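Dear colleague,

I am passing on the structure we spoke about, so that you can have it open while you read. My notes on what was found in it follow below the display.

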Amino acid sequence: MEFVYHAEIIEDPDGGWLVTFPDVPEAITHGADWPDALRSGSEALGLALRGYLAEDRDLPQPATSTGTPISVDAEDALKLAVISAFKTSGISKTELARRLGKRETEARRILDPDHGTKLGLIQDALRVLGKQIVVTIREAA
């Protein structure tokens, strides 16, 4: 799973830059300058994708290949990955908790898109869901 989507970034006639994502229409933002537009785009993208999961909707697949690639921040990407893996696993929250050796309340927090979860616990959850984290570092846009 990669959480990189292409954005259309256009100059706003009123100043700054308007950022939209054809594949995630809910993610719309504005930046005062180009670096601010990229930061705002990443934040808006993460919020919109977390909203999809909070509403129990499937994440949109990145299909657009033109524009400026923007990724969600690492914390959001990891949270999105664990929730997506859980949704496709077919197991219950109780079973996830059992596999992790945790209480069900902790499994529920792991699966809450708006609840912060430590990296180690995210890694453990992904592992028991048959996934692993692979880090790639790229040049910034």
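Two strands are said to pair here if DSSP finds at least two bridges between them. Please keep in mind throughout that this is a predicted model.

With that definition in hand, the sheet can be described: four strands form an open sheet in the order β3-β2-β1-β4, and the pairing is antiparallel. The strands at its edges are β3 (28-31) and β4 (68-71), and because each of them has a single partner strand, one side of each is left without a neighbour in the sheet. Neighbouring strands of this sheet are turned against each other by 35° on average, direction ignored. As general background, strands of a sheet pair through backbone hydrogen bonds, either parallel or antiparallel.

The chain as a whole comes to five helices and four strands, and, read along the sequence, these follow the pattern β-β-β-α-β-α-α-α-α. The C-alpha trace spans about 55 × 30 × 25 Å along its principal axes. Of the 141 residues in the protein chain, 40% are buried, and among the contacts with a separation of 6 or more, 57% are accounted for by residues 24 or more positions apart.

Going through the sheet pair by pair, strand β1 (residues 4-11) and strand β2 (residues 17-20) pair in the antiparallel sense over four bridges, with Leu18 of β2 as the bridge partner of Ile10. These two strands, β1 and β2, form a hairpin with five residues between them, and in the turn Gly15 has a positive phi of about 110°. Strand β2 is also joined to β3 by four bridges, again with the two strands running antiparallel, and here Leu18 stands opposite His30 in β3. Strand β1, for its part, is joined by four bridges to β4, and these strands run antiparallel; in this pairing Ala7 stands opposite Thr68 in β4.

The edge strand β3 deserves a separate look, since you may wish to follow its side chains on the display. Along β3 the side chains alternate, in that Thr29 and Gly31 point to one face and are buried, while Ile28 and His30 point to the other and are not. Is Thr29, which lies in this strand, buried or exposed by its relative accessibility? Thr29 counts as buried because its relative accessibility is 17%, and the cut-off for buried is under 20%. Not counting residues up to four places away in sequence, Thr29 touches Trp17, Leu18 and Val19, and also Ser40, Gly41 and Ala44.

Lastly, there is the largest pocket, in which about 1,100 Å³ of space lies. It is lined by 28 residues, of which the closest to its centre are Val4, Ser71, Val72, Ala77 and Thr136. The elements that give two or more residues to this lining are α1 (34-54), β4, α2 (74-89) and α5 (119-128), and the largest share, four residues, comes from α2. By class, the lining of the largest pocket has 19 nonpolar residues, together with four polar and five charged ones.

With best wishes

Definitions and conventions
Residues are numbered from 1 along each chain as its sequence is written. This is a predicted model: local features need pLDDT of at least 70, side-chain atom pairs count only at pLDDT 80 or more; totals for chains, interfaces and linings use all residues. Side-chain values use heavy atoms; hydrogens and water are left out. Axes are lines fitted to C-alpha atoms, for helices over the stretch in contact, and angles run from 0 to 180 degrees between N-to-C directions. Buried means under 20% relative accessible area, exposed over 50%, partly exposed in between (1.4 Å probe, protein chains only). Contact means heavy atoms within 4.5 Å. On a 1 Å grid over the protein atoms alone, a cavity is a set of points where a 1.4 Å probe fits but cannot get out, and a pocket is an open set with protein on both sides within 12 Å along at least five of seven lines; lining residues have an atom within 4 Å of a point. Grid points are joined across faces, edges and corners, and a volume is the space filled by probe spheres set on the points. Ala, Val, Leu, Ile, Met, Phe, Trp, Tyr, Cys and Pro count as nonpolar, Asp, Glu, Lys and Arg as charged, and the others, Gly among them, as polar.
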